[in-house]
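Open your viewer, show the chain as a cartoon and keep the selection box handy. We will go from stop to stop, with a note on what to select at each one.

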Amino acid sequence: MSLTEHPPPSPGPGPQADGDGDAAAEQLRERISADSLTTRRDYLRIVVTVSGGLAVGGIGVAAGILHRHGDSETLPEPRLVTDQLAPGRSAAFRFPGDEDRALAVRLTDGSLVGYSAVCTHLACAVLWREDRGADGELYCPCHEGVFDARTGEVTAGPPPRPLPRIFLTERADGSVWAIATARSGESAREALCRQFGDSRPAVTRQLECPGANGGATTERGRT
């Protein structure tokens, strides 16, 4: 047999074999179609679920239903952020709770700032981009939200409020500690007065918190 010749057809009942082949091919096509439909349905269900979750999360954050940084009325326990933080560097940590994402940044001039790392739009993670401007920027990649690294204020995108602030302190050994929080848009004095309360009377008097001096204010008013 030459290479150009075709082999003879296989013996068999011809028409019956063709019929079985057609039936098998049709069954295979139906199975593939069913699998493809299931895949599309599953995908659409996932998309709807995720979209619904984002919408509910956004409504919850906007309405104050979900937990935010600074909601606690009590002073949190101080927490170590990092042993050292050089200028132009950042450190991610958790504060005041183990589920509260936060970010500490040492600006190029040495200033130390801390914020919640949860975007005020739809609660996505906030990152620090050091190569954007003199101070860098805090950036939410989900919807292009941008916050000022020095103040936490919104500078671009859909976030409706500034980032809640985390108050940091640096000890003599260079370690950085988180000590208190502020609600979004709350002043440092208001936040510290609210959380220190009666537990740190010397601090509240220094801050001139409402009611910090008790009867002393009345006595001065009488003299």
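Is Gln-195 buried or exposed? Select Gln-195 and turn on a surface: at 4% relative accessibility, this residue counts as buried. Here buried means under 20% relative accessible area, exposed means over 50%, and partly exposed lies in between, with a 1.4 Å probe and protein chains only.

Before moving on, please note that this is a predicted model, in which local features need pLDDT of at least 70, side-chain atom pairs count only at pLDDT 80 or more, and totals for chains, interfaces and linings use all residues. Residues are numbered from 1 along each chain as its sequence is written, and side-chain values use heavy atoms, with hydrogens and water left out.

**Stop 1: around Gln-195**

Keep Gln-195 selected and display its side chain. That side chain reaches the backbone oxygen of Thr-181 at 2.3 Å. This is a polar contact, defined as a pair of N or O atoms within 3.5 Å; within protein, one must be able to donate a hydrogen and the other to accept it, and residues adjacent in sequence count only if both atoms are side-chain atoms.

Now widen the selection to helix H2, residues 188-196, where Gln-195 lies. Helices (H or I, at least four residues) and strands (E, at least two) are DSSP runs, numbered from the N terminus. The buried residues of H2 are Ala-191, Leu-192, Cys-193, Arg-194, Gln-195 and Phe-196. They pack against E9, strand E10 (176-181) and H3, where a contact means heavy atoms within 4.5 Å. Step just past the end of H2 and you will find Gly-197, with a positive phi of about 50°.

**Stop 2: the cysteines**

Select every cysteine and show the sulfur atoms. How many disulfides does a search of the whole structure find? There are two, taking a disulfide as a pair of cysteine sulfur atoms within 2.5 Å. Such a link is a covalent bond between the sulfur atoms of two cysteines. Counting bonded cysteines along the chain, the pattern is 1-2, 3-4.

Begin with Cys-193, which you have just met in H2. Cys-193 and Cys-209 are bonded, with sulfur atoms 1.8 Å apart, and the link is left-handed, at -85° about the S-S bond. This pair connects distant parts of the chain, 16 residues apart: Cys-193 is in helix H2, and Cys-209 is in the loop between helix H3 (201-206) and helix H4 (215-222). Both Cys-193 and Cys-209 are buried.

Next, select Cys-124 and Cys-142, whose sulfur atoms are 2.2 Å apart in the other disulfide. Their link is also left-handed, with -105° about the S-S bond. Cys-124 sits in the loop between strand E4 (112-116) and strand E5 (127-129), while Cys-142 sits in the loop between strand E6 (137-140) and strand E7 (145-148), so the bond ties together parts 18 residues apart in sequence. Cys-124 counts as buried at 12% relative accessibility, whereas Cys-142, at 41%, counts as partly exposed.

Now try Cys-119 and Cys-140. Why is there no bond from Cys-119 to Cys-140? The sulfur of Cys-119 is 3.8 Å from that of Cys-140, its closest cysteine sulfur, which is too far for a bond. Cys-119 is buried at 3% relative accessibility, and Cys-140 is buried with a relative accessible area of 2%.

**Stop 3: the largest pocket**

Select Tyr-115, Arg-150, Thr-151, Arg-165 and Phe-167, which lie nearest the centre of the largest pocket among its 20 lining residues. E4 gives the largest share of the lining, four residues, and both E4 and strand E9 (166-170) supply at least two residues each.

**Stop 4: Phe-95**

Go to Phe-95, in the loop between strand E2 (89-94) and strand E3 (101-106). Phe-95 is buried, with a relative accessible area of 0%. Add Ile-179 to the selection: the two are 84 residues apart in sequence, yet 8.9 Å apart in space, C-alpha to C-alpha.

**Last stop: the whole chain**

Zoom out and colour by secondary structure. The protein chain has four helices and ten strands, in the order α-β-β-β-β-β-β-β-β-β-β-α-α-α along the sequence. Of its 223 residues, 29% are buried.

Note on methods. 1 Å grid on protein atoms, 1.4 Å probe; cavity = no way out; pocket = protein on both sides within 12 Å on 5 of 7 lines; lining within 4 Å.
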